Amino acid sequence: MKKFSIVLPCLNELENLKLLIIEIKKKYKKYKIEFVIVDDNSTDGTEAFFKKKIPNVKYIKRTKYLSLGKSVELGIKNSAYSKILVMDADFNHTPRDIRKFLKYISNKEYKFISGSRFLIGGFSVNLQRHILSKLYSYILSKIISVNLTELLSGFFLIDKSIFLKLKQKDKIFCGYGDYYVRLLISVSNMREKIKEVPVKYGKRKFGQSKSKFIS
């Protein structure tokens, strides 16, 4: 049975997480999945709920300062399996798209798979956000010379060997959505091939967005 970890950084996403984990388990029964919940000091009962012993769920709480980048780093670092999927906890990244990443779980050529709304088959539910993000990604890709259609998604599958080779992780994994741009630059500089797959952004089920970046 193939195994992979899913890192779910969160802030007050308890109701979304409950549904998300159930849906992923139902859709991917053929895989052994470890869920790594990295909580940025939520106040909605996330800690009390996940402190219970739930099979295949690892709960980590951060208390210092809000940082999506730091949460992602901590989640990857503490994942048990070598293949690690990072995704949003609010259904912005949809469970049905996970299969597109898993197609490459045994591929030795690609150790980093990145989701893109801007490939054929991908889209965002918010048209204005989609257009602005696409324009931003295009301009930024030219500036930093990273030949990808999207630099903002934060929906990716990484081999832990790549993570361990990254230098100056503290400078990569910090801030909010901007951490992902730095991560893509660093992986590209390592001469690792990055494979993009189309993803379709969905609508959050509960709560409000905490997005602090154009994506």
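# Exercises on a predicted model

Lys100 is buried, and Asp97 is buried too. Both belong to a predicted model, and the exercises below work through parts of it.

## Exercise 1. Salt bridges

Task: State how many salt bridges a search of the whole structure finds, then describe the pairs Lys100 and Asp97, Arg117 and Glu150, and Glu15 and Lys18.

Solution.

Step 1. The search of the whole structure gives 10 salt bridges.

Step 2. Take Lys100 and Asp97. Their side chains meet in a salt bridge, with 2.9 Å from N to O. A salt bridge requires the nitrogen to be within 4 Å of the carboxyl oxygen, and the value for this pair is 2.9 Å.

Step 3. Take Arg117 and Glu150. The N to O distance in this salt bridge is 2.3 Å. Arg117 lies in the loop between strand E5 (112-116) and helix H5 (127-144), while Glu150 lies in the loop between H5 and strand E6 (156-159), so the pair ties together parts that are 33 residues apart in sequence. Both Arg117 and Glu150 are buried.

Step 4. Take Glu15 and Lys18. The closest N and O atoms of this salt bridge are 3.4 Å apart. Both residues are in helix H1 (residues 14-27), three residues apart, or about one turn of the helix. In general, an α-helix has 3.6 residues a turn, so residues three or four places apart point the same way.

Step 5. Check the exposure of this last pair. Glu15 has a relative accessible area of 38%, so it is partly exposed. Lys18, at 28% relative accessibility, also counts as partly exposed.

## Exercise 2. Strand E1 and its partners

Task: Say which strands pair with E1, and whether strand E1 is largely enclosed or not.

Solution.

Step 1. Start with the exposure. Of the eight residues of strand E1 (residues 3-10), seven are buried, so the rest of the structure largely encloses this strand.

Step 2. Look at strand E2 (residues 32-39). E1 and E2 run parallel and are joined by eight bridges. One residue pair to find is Ile6, whose bridge partner in E2 is Phe35.

Step 3. Follow the chain between these two strands. The path goes from E1 through H1 to E2, a β-α-β crossover that is right-handed.

Step 4. Look at strand E4 (residues 83-86). E1 pairs with E4 in the parallel sense, over three bridges. Here Ser5 has Ile84 of E4 as its bridge partner.

## Exercise 3. Helix H1

Task: Compare the span of H1 with the expected one, and say where its buried residues fall around the axis.

Solution.

Step 1. At 1.5 Å a residue, the 14 residues of H1 should span 20 Å. The end C-alpha atoms of H1 are 20 Å apart, which agrees.

Step 2. List the buried residues. In H1 they include Leu14, Asn16, Leu17, Leu20, Ile21 and Ile24.

Step 3. Look down the axis. The buried residues of H1 fall within an arc of 140 degrees, so they line one face of the helix.

Step 4. Find what covers them. The covering elements include E1, E2, helix H2 (46-50) and helix H4 (98-102).

## Exercise 4. Two serines

Task: Decide whether Ser114 and Ser145 are buried or exposed.

Solution.

Step 1. Ser114 is in strand E5. Its relative accessible area is 0%, so Ser114 is buried.

Step 2. Outside the four nearest places in sequence on either side, Ser114 touches several residues, among them Phe101, Phe155, Tyr180 and Ile194.

Step 3. Ser145 is in the loop between H5 and E6. Its relative accessible area is 66%, so Ser145 is exposed.

Step 4. Locate Ser188 as well. Ser145 and Ser188 are 43 residues apart along the chain, and their C-alpha atoms are separated by 9.4 Å.

## Exercise 5. Positive phi

Task: For Phe91 and Gln168, give phi, place and exposure.

Solution.

Step 1. Recall the background: most residues other than glycine have a negative phi.

Step 2. Phe91 is not a glycine, yet its phi is positive, about 75 degrees. The residue is found in the loop between E4 and H4. At 4% relative accessibility, Phe91 counts as buried.

Step 3. Gln168 also has a positive phi, near 55 degrees. Its place is the loop between helix H6 (160-165) and helix H7 (169-172). With 51% relative accessibility, Gln168 counts as exposed, the cut-off for exposed being over 50%.

Definitions and conventions
Residues are numbered from 1 along each chain as its sequence is written. This is a predicted model: local features need pLDDT of at least 70, side-chain atom pairs count only at pLDDT 80 or more; totals for chains, interfaces and linings use all residues. Side-chain values use heavy atoms; hydrogens and water are left out. Helices (H or I, at least four residues) and strands (E, at least two) are DSSP runs, numbered from the N terminus. Buried means under 20% relative accessible area, exposed over 50%, partly exposed in between (1.4 Å probe, protein chains only). Two strands pair if DSSP finds at least two bridges between them. A crossover is right-handed if, with the strands pointing away from the viewer, the path from the first strand over the helix to the second runs clockwise. The expected span of a helix is 1.5 Å times one less than its number of residues. The arc is that of the directions from the helix axis to the C-beta atoms. Contact means heavy atoms within 4.5 Å.
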